[in-house]
Amino acid sequence: MSKTSILYQHGTLALLVPGLLDGTITMKEMLQHGDTGIGTGEGLDGELVILNGTPYQIDSHGSVNIVPDDFTMPFANIHFANYQKLFDVKDISQADLEKKVVSATSTNTFFSIEFSGTFTNIKTRAVKKSQKPYDTLAKTAECQSIFQRETVAGTMLSYYSPQLFDGAAVAGFHNHFLADDHTFGGHLLEFGSASGTVSIQQFDTLEQHLPVNNQEFSNFDFSGHDILGDIHKAES
Ligand SMILES: [Zn+2]
């Protein structure tokens, strides 16, 4: 098994839904499992984009910071980059891009997309860090900032999760963005059109890591929560 075929996931988005937002892995530990990824900090402290082994955080003020080794996260995806070029695109809409990517691969496996180019009418968000006791994901995510750019050059980093794994992951695309000049980024909500190069990396293995030493997680009763319904509301 090649290490570039493994997607490493710490926590799950489902675990954030009722407000299990403790940071349960450090960035130093996370970077042992890859050099490319996305995630969020403790208490939903901004949006993370890891590129070439450098972990960037877009905070709720829109600032792009490099986070220290001891920065902790309740949720993150990471892998060792080995992208293969898929195609070049010109003025493609987000819906058409997703269609084109999906038709070029299988939707029953996890994969990552790296899209470097120029994006227009792009909208991102970053959540403001909340303190304990944590509220639900939906409540916490209400304290978010929305950022917009008419035109920006940068990288969209995406993970695709198959429908089969809805719950352990959120089925579909999860997109984060970082501008080349590091003045803009976040969890990507939408873009109007984009031109550039789209690359793909398919995974045959999902390594799911859980925060077994976290009391709140270990003792939490997930029955009686509409976890999937709430995820789809929060992440759309
Ligand atoms: Zn996100």
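Biologist: In what order do the strands of the open sheet of seven strands run?
Modeller: This is a predicted model. Its open sheet of seven strands has mixed pairing. Read across, the order is E6-E5-E4-E3-E8-E1-E15.

Biologist: Which are the edge strands of that sheet?
Modeller: An edge strand here pairs on one side only. Two strands fit that description. They are strand E6 (64–66) and strand E15 (205–209).

Biologist: By how many degrees are neighbouring strands of this sheet turned against each other on average?
Modeller: The angle ignores strand direction. It is an average over neighbouring strands of the sheet. The value is 20°.

Biologist: Do strands E3 and E8 run parallel or antiparallel?
Modeller: Strand E3 covers residues 36–40 and strand E8 covers residues 75–79. Five bridges join them. Within this pair, Ile38 stands opposite Asn77 in E8. The two strands run antiparallel.

Biologist: Is Met30 buried or exposed?
Modeller: Met30 lies in helix H2 (residues 27–30). Beyond its neighbours within four places in sequence, Met30 is in contact with Tyr8, His10, Ile25, Met73, Ala76, Asn77 and Ile78. Its relative accessibility is 0%, and the cut-off is under 20%, so Met30 counts as buried.

Biologist: What distance separates the C-alpha atoms of Met30 and Asn77?
Modeller: Along the chain, Met30 and Asn77 are 47 residues apart. In space, Asn77 is among the contacts of Met30. Their C-alpha atoms are separated by 8.7 Å.

Biologist: Which residues have the most contacts inside the largest nonpolar core?
Modeller: That core has 37 residues. Several elements each supply at least two of them, including helix H3 (94–103), strand E10 (111–127) and strand E12 (172–179). Another core, of 14 residues, lies apart from it, with Leu13 and Leu137 among its members. In the largest core, the residues with the most contacts are Leu97, Phe115, Phe119, Phe177 and Phe191.

Biologist: Which residues does Phe119 touch?
Modeller: Residues up to four places away in sequence are not counted here. Two of the partners, Phe177 and Phe191, are listed with Phe119 among the residues with the most contacts in the core. The full list is Glu150, Thr151, Val152, Gly154, Met156, Phe177, Phe191, Ser193 and Ala194.

Biologist: Which residues coordinate the zinc ion?
Modeller: The donors follow the spacing H-x1-H-x10-H along the chain. The donor atoms are NE2, NE2 and ND1, at 2.1 Å. In that order, the residues are His174, His176 and His187.

Biologist: Is His176 buried or exposed?
Modeller: Buried requires under 20% relative accessible area. His174, at 12%, counts as buried. His176 has 1% relative accessibility, so His176 is buried.

Biologist: Which residue's side chain makes a polar contact of 2.7 Å with the side chain of Asn175?
Modeller: Asn175 is in strand E12. Asn175 is buried, with a relative accessible area of 6%. Its contacts include Gln94, Glu98, His187 and Leu188. The polar partner, at 2.7 Å, is Ser158.

Biologist: How is Asp230 classed: buried, partly exposed or exposed?
Modeller: Asp230 sits in helix H6 (residues 227–235). Buried means under 20% and exposed means over 50%. The relative accessible area of Asp230 is 26%, so Asp230 is partly exposed.

Notes:
Residues are numbered from 1 along each chain as its sequence is written. This is a predicted model: local features need pLDDT of at least 70, side-chain atom pairs count only at pLDDT 80 or more; totals for chains, interfaces and linings use all residues. Side-chain values use heavy atoms; hydrogens and water are left out. A nonpolar core is a set of buried Ala, Val, Leu, Ile, Met, Phe, Trp, Tyr and Cys residues joined through side-chain atoms within 4.5 Å. Buried means under 20% relative accessible area, exposed over 50%, partly exposed in between (1.4 Å probe, protein chains only). Helices (H or I, at least four residues) and strands (E, at least two) are DSSP runs, numbered from the N terminus. Contact means heavy atoms within 4.5 Å. Donors are N, O and S atoms within 2.8 Å of the metal (3.2 Å for Na, K and Ca); water is not among the atoms, so sites may look incomplete. Two strands pair if DSSP finds at least two bridges between them. Axes are lines fitted to C-alpha atoms, for helices over the stretch in contact, and angles run from 0 to 180 degrees between N-to-C directions. A polar contact is a pair of N or O atoms within 3.5 Å; within protein, one must be able to donate a hydrogen and the other to accept it, and residues adjacent in sequence count only if both atoms are side-chain atoms.
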